[in-house]
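User: I'd like a close look at one part of this protein, the sheet and what packs around it. Could you walk me through it in a connected way?

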Amino acid sequence: MIVGVIGAGTMGSGIAQAFAMTDGYEVRLCDIKEEYAEGGKAKIQKNIDFLVGKEKITADKGAEIMSKITTGLNNICADCDLIIEVALEKLEIKQNIFKELSAMVSKDCIFASNTSSLSITKIGEGLDRPLIGMHFFNPADRMKLVEVIKAENTPQDMVDKIKAIAVEIGKTPVEVKEAPGFVVNRILIPMINEAIGVLDAGTASAEDIDIAMQLGASHPMGPLHLGDLIGLDICLAIMEVLYTETKDEKYAPQPLLKKMVADGKLGRKTGEGFFNYAK
């Protein structure tokens, strides 16, 4: 199977790696500029080199995995059997990507979105085929869960096929009905947002909030470190979707979260969030 991945950032490159490491799959890794796609492949090469260095895979296997990844613009996806969109969490951007792809790929090519919170039905409006959600989690090459989201017009046989593909690449799929934030982010991101509110109120330091949740709730990572890992811009975008879709004040983004994003302090990817990652 040939899989196109549209978006070569952290999530896109992780998804591409997961497929490339599975027998029977080839990957087309795309972005709006070829150098961005090549940068995504470079991230995968770094991960593969690490696995080779740890003797998790052989050098020959590593070379084989990398040979299965082709980079370029979206037009290299013309022969794909499955395309997963991993673009910015903006409805119009995602819609335009799929409309562009519709004109260049086979009618049998399956369209999937990795959106973390947007409506699959809205993303797929006006398309010549049904759309499905295939939501991976960061780091996508290692995290086992994939939320498989059924839109209003997604046939069950497509859901079953995507779930089977997820299993083939070593993931555990959960079938989800379309709803704001789906399952994980509907629960997880408001928790992070609440931790930010606790910090802003001066109730405890960032370090102590995270320690409290790790030791008091058996969380492997505290909510503020987790927010930094996800990306605070992503957390804000998800909170805004939850708030817009539900009109429930409990989903209103914390002012401090908005300020962090406005200041460009997005977490690990910028070197600073609630914690400093410069070292």
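Analyst:
**A close look at the sheet and its core**

Let's start from one residue, bearing in mind that this is a predicted model. Setting aside residues within four places in sequence, Ile84 is in contact with Val3, Gly4, Val5, Ile6, Ile15, Phe19, Ala112, Asn114, Met134 and Phe136. Ile84 also belongs to the largest nonpolar core, which has 36 residues. Along with Ile15, Phe19, Leu82, Met134, Phe136 and Ile162, Ile84 is one of the members that touch the most others in that core. Helix α1 gives the most to this core, with 6 residues. As a general point, nonpolar side chains in soluble globular proteins tend to be buried together. Apart from the largest core there is another, of 22 residues, including Cys30, Leu127, Leu131 and Val176.

Now for the sheet itself. The sheet is open and has 8 strands, in the order β3-β2-β1-β4-β5-β6-β7-β8, with mixed pairing. At the edges are β3 (69-72) and β8 (172-177), each of which pairs on one side only. From one strand to the next, the twist averages 25°. Helix α1 (residues 10-20) packs on this sheet, where it touches β1 (2-6), β2 (26-30), β3, β4 (82-85) and β6. The direction of α1 makes about 165° with that of β2.

One pairing is worth following in detail. Strands β6 (residues 131-135) and β7 (residues 145-150) pair in the antiparallel sense, over 4 bridges. Met134 has Val148 in β7 as its bridge partner, and Met134 is also among the core members that touch the most others.

That brings us to a polar neighbour, Asn114. This residue sits in the loop between β5 (110-113) and α5 (120-123). Is Asn114 buried or exposed? Its relative accessibility is 7%, so Asn114 counts as buried, the cut-off being under 20%. Not counting residues up to four places away in sequence, Asn114 touches Met11, Ile15, Ile84, Glu85, Val86, Met134, His135 and Phe136. Ile15, Ile84, Met134 and Phe136 in that list are also among the core members that touch the most others.

Finally, a brief look at a helix further along the chain. In α9 (residues 223-230), the buried residues are Pro223, Leu224, Leu226, Gly227 and Asp228. They pack against α7 (184-200), α8 (206-217) and α10 (232-246). Just after α9 comes Gly231, with a positive phi of about 110°.

Conventions. Residues numbered from 1 in each chain as written. Predicted model: local features only at pLDDT ≥ 70, side-chain atom pairs only at ≥ 80, totals over all residues. Heavy atoms only, no water. Pairing = 2+ DSSP bridges. Helix = DSSP H or I, 4+ residues; strand = E, 2+ residues; numbered from the N terminus. Axes fitted to C-alpha atoms, helices over the stretch in contact; angles between N-to-C directions. Contact = heavy atoms within 4.5 Å. Buried < 20%, exposed > 50% of the residue type's maximum accessible area, 1.4 Å probe, protein only. Core = buried A, V, L, I, M, F, W, Y, C linked by side-chain atoms within 4.5 Å.
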